[in-house]
Amino acid sequence: MYLTITTTGTTDRPATDLGFLLHKHPDKAQRFSTSYGTAHVLYPEAHAERCTAALLLEVDPVALVRRGSGKGRGGAPDAALARYVNDRPYAASSLLAVALRSVFASAMKGQCAARPELVGRPLPLRIEVPVLPARGGGALVEKLFRPLGWSVRAEPLPLDETFPEWGDSRYVRLVLEGACDLAAALRHLYVLLPVLDDAKHYWVAPDEVDKLLRAGEGWLEGHPEQRLIVGRYLARRGALAREAMARLELARLAQTDDAAVEEIDNAVDEAADTEERPVPLAVRRRDAILGVLRSTGAARVLDLGCGQGQLIGALLKEAQFTEVVGMDVSMRALQEARRRLHLERMPERQAQRVRLLQGSLAYVDGRLKGFDAAVLSEVVEHVEPERLSALEYAVFGAARPRTVVVTTPNVEYNVRWESLPAGRVRHPDHRFEWTREEFRRWAEDIGARHGYAVTFGPVGPEDPEVGAPTQLACFSREDASARGGGKHGTKDARGSRGMSGAERVEGAAEASRAGGGPVGGKEAAA
């Protein structure tokens, strides 16, 4: 089994720079021992204008049987004979992926001590795998590689050229072309070759999750076929797949908030860290929401679009909130929220305060009625604009909590993030992002239609030209405010009663601004 990697160049940027990136000299043919045979690296052509590196893996079928005995897929004794007569000696598979990682380890990590300026530079690449098993056919090959920027050609191979009437086999000749960083290209192959084969030829241990996440960093978090990739790569081991999906979601959230994963998912009290450091925008946003909810005297709170339960966890730490209900359309997010909140190990009295519901805000849901407050934190921008009216009626027309707190990105602030390209929204799933005026107009229209007074406030440090990174609106139902609030009265964090909506929002905004400046000169894009 083998694959080739070809690039082109010029006199100024010779194609033979590929040798530096792969750490394999074009003038040499090298061989490396692997667990299942011998890997060879050679260069069929090496010129300034064009350079091709080939990785050839000679599989030792006897070693394959011996090392796989009793382990993993096909490891049963009665399957041993099949190991000698199957297609493994010539069809690309997880064994070739293992050889890639073994032979090109430094290249996959993006390391090149001899020519560091070459690292990260997109190269015009052509990758060919002559015989590749593709369970799912050419259509699946397209779905896996095209979202990564590759031009894909997957030519079906006949079962037997002598008998064309037998039709095509499950194998394809794969050709990928595109401009890509070599390290990223190798990581794509390392993950997706065994996914297409839909088999692993070694025992899939828990450390395979770490290997997958390392190789998938930067592209797997947002891949449209993420679930299929994870399931097949981990040989459909459910527990490992669930762990990988949860960690990928954490990585996505951390990327959204420009924070480390440890900041998103840890059990360390933020106040215990005495080192002076800027507060992430996600924490400021949560603190602002808590400040508004405290001031309203709300006891029963809905977290609509609760995600992985960060706000729910914060609400449960305060005795004021006697009932907290989180709802999300994603079962995966709810499972992660359950894990994060440790619901299975939570004391009974504490567990009685919290519920997690699966549901969509596009529909009226009777379970949402009768609550003091509802929170829509970074939710509306994920909804298709034509479906916002359905969300509006479900929350403000049918559920009608006394208070609704809504936060959403301020698109005007995006220009302050150097890492965010012009014209791009902060997250690929955002259907839109509003200016301050657009948000104000949307909120005031809702208030007028459903009988809510609306006040606005910033979250995060305010820029004199473009405002704060996040904008917050507090909707107070006018018939409820006329009665002086709920059974607890309206009471802010300082103990004063009868606060206006504007005072509540301003107090929350002051709290959100108290955390210092942006991280590294910029806030987290979320």
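This report covers strand pairing, one helix, and the aromatic and charge–ring contacts of a predicted model.

**Strand S1 and its partners**

Strand S1 spans residues 2–8. Five of its seven residues are buried, so the strand counts as mostly covered. S1 pairs with two strands, S4 and S5, and both pairings are antiparallel. With S4 (residues 50–59), the pairing runs over seven bridges. Thr7 has Cys51 as its bridge partner there. With S5 (residues 123–133), the pairing runs over four bridges. On that side, Thr4 is bridged to Glu128.

**Helix H9**

Helix H9 covers residues 226–233 and is mostly covered too, with six of its eight residues buried. The buried residues are Gln226, Ile229, Val230, Gly231, Arg232 and Tyr233. Just after the helix, Ala235 takes a positive phi of about 55 degrees.

**Aromatic pairs around Phe439**

The structure holds ten aromatic pairs. Phe439 takes part in the two pairs tabulated here.

| Pair | Geometry | Centre to centre | Angle between planes |
|---|---|---|---|
| Phe439 and Trp442 | stacked | 6.1 Å | 20 degrees |
| Phe439 and Phe456 | edge-to-face | 6.0 Å | 80 degrees |

Why are Phe439 and Trp442 separated by about one helical turn? They are three residues apart in helix H17 (residues 436–450), and therefore about one turn lies between them. An α-helix has 3.6 residues a turn, so residues three or four places apart point the same way. Both Phe439 and Trp442 are buried.

The pair with Phe456 links distant parts of the chain. Phe439 lies in helix H17, while Phe456 lies in strand S13 (residues 452–459). The two residues are 17 residues apart.

Is each ring residue of this second pair buried or partly exposed? Phe439 has a relative accessible area of 1%, so Phe439 is buried. Phe456 has a relative accessible area of 22% and is therefore partly exposed. The cut-off for buried is under 20%, which is why Phe456 falls outside that class.

Phe439, Trp442 and Phe456 also belong to one aromatic cluster. Phe432 and Trp434 are in that cluster as well.

**Charges over rings**

Two arginines have their charged ends over phenylalanine rings. The charged end of Arg115 sits over Phe20, 5.2 Å from the ring centre. For Arg300, the ring is that of Phe371, and the distance to its centre is 4.3 Å.

Key: Residues are numbered from 1 along each chain as its sequence is written. This is a predicted model: local features need pLDDT of at least 70, side-chain atom pairs count only at pLDDT 80 or more; totals for chains, interfaces and linings use all residues. Side-chain values use heavy atoms; hydrogens and water are left out. Buried means under 20% relative accessible area, exposed over 50%, partly exposed in between (1.4 Å probe, protein chains only). Two strands pair if DSSP finds at least two bridges between them. Rings of Phe, Tyr and Trp (its six-membered ring) pair if their centres lie within 6.5 Å; planes under 30 degrees apart count as stacked, over 60 as edge-to-face and the rest as tilted. A charge sits over a ring if NZ of Lys or CZ of Arg is within 6 Å of the ring centre and within 35 degrees of the ring normal.
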